[in-house]
Amino acid sequence: VLLHLGLQAVQLPFRVLLHRDLRAIALLPESQAANSLLQLSRSMLWYGNRALGFLNCVWFVAGALWLCSSSACAKSAPLLHALAVGIFTVNPVRYVVTFLWFCYTFSCEAVGGLTSPGTRRTPELLVQSMHTYPFREATAAQ
């Protein structure tokens with residue numbers, strides 16, 4: 001439980017800084033936004049947040065498995081078990097709230113058209129800079 005809370009506390013500044021940087025990029029013209037977003041996605045801040053997020057998810061899954069297989073812990077350590085169940089319940093809610101906040105901030109239409117006041121399109125340079133994979137259409141065997 002303490003490790004989980006510690007991981008959350010360590011990851012919070014990373015998330016706040018990423019949110020600040022993403023908000024600043026959203027205000028840039030398209031030509032600068034694509035380059036800035038590419039630089040941000042290659043930064044230590046980005047990779048640090050991803051690494052901490054991965055550790056957090058692994059610890060969450062380990063905790064979920066422990067909760068599901070620990071019938072004796074509820075009897076021997078009821079307060080610890082109750083705290084673990086509480087964290088297990090709150091963690092998915094945190095992911096949903098983070099997703100909704102991201103959608104509100106950057107106008108994500110994936111959530112029933114939820115849009116923020118500063119609706120913008122994806123910068124064209126960013127779309128053009130993405131790697132594409134060509135494919136061939138399968139020909140029918142004759």
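This passage walks through the fold, the core, the main helix pairing and the surface of the chain. The model is a predicted one, so local features need pLDDT of at least 70 and side-chain atom pairs count only at pLDDT 80 or more, while totals for chains, interfaces and linings use all residues. Residues are numbered from 1 along each chain as its sequence is written, and side-chain values use heavy atoms, with hydrogens and water left out.

The overall picture is easy to sum up: the chain has six helices and zero strands, giving α-α-α-α-α-α when read along the sequence. Helices here are DSSP runs of H or I with at least four residues, strands are runs of E with at least two, and numbering starts at the N terminus. Of the 142 residues, 23% count as buried; buried means under 20% relative accessible area, exposed over 50%, and partly exposed in between, using a 1.4 Å probe and protein chains only. As for contacts (heavy atoms within 4.5 Å), 61% of those with a separation of 6 or more link residues 24 or more positions apart.

Turning to the inside, the largest nonpolar core is a six-residue group made of Leu18, Leu22, Ile25, Ala33, Leu40 and Leu45. A core of this kind is a set of buried Ala, Val, Leu, Ile, Met, Phe, Trp, Tyr and Cys residues joined through side-chain atoms within 4.5 Å. Two or more of its residues come from each of α1 (2-26) and α2 (30-41), with α1 giving the most, at three. Ile25 touches Ala33, Ser36, Leu37 and Leu40, once residues up to four places away in sequence are set aside.

Helix α3 (residues 44-69) is 26 residues in length and runs 37 Å from its first C-alpha to its last, close to the 38 Å expected at 1.5 Å a residue; that expected span is 1.5 Å times one less than the number of residues. Its buried residues are Leu45, Gly48, Asn49, Leu52, Gly53, Asn56, Phe60, Ala64 and Leu67.

Several of these α3 residues meet Gln11, which sits in α1. Gln11 is buried, at 2% relative accessible area, and beyond its neighbours within four places in sequence it contacts Asn49, Leu52, Gly53 and Asn56. From Gln11 to Asn56 is 45 residues in sequence but 9.0 Å in space, C-alpha to C-alpha. Asn49 counts as buried because its relative accessibility is 15%, and its contacts, again leaving aside neighbours within four places, are Gln11, Phe14, Arg15 and Leu18. Gly6, another α1 residue, is partly exposed at 30% relative accessibility; its C-alpha lies 9.6 Å from that of Asn56, with the two positions 50 residues apart in sequence terms.

On the outside, the chain exposes about 10,500 Å², with carbon and sulfur atoms supplying 70% of that. Areas come from the Shrake-Rupley method with a 1.4 Å probe, and for residues only the protein chains shown count as cover. Phe54, Leu55 and Val58 make a nonpolar surface patch of about 300 Å². Patches are built from residues with over 30% relative accessible area and no salt bridge, joining like charges within 9 Å and nonpolar side chains (Val, Leu, Ile, Met, Phe, Trp, Tyr) within 5 Å. Leu55 is partly exposed, at 46% relative accessible area. The salt-bridge count comes to one, where a bridge is a side-chain nitrogen of Lys or Arg within 4 Å of a carboxyl oxygen of Asp or Glu. Asp21 pairs with Arg20 in a salt bridge, with the closest N and O atoms 2.8 Å apart.
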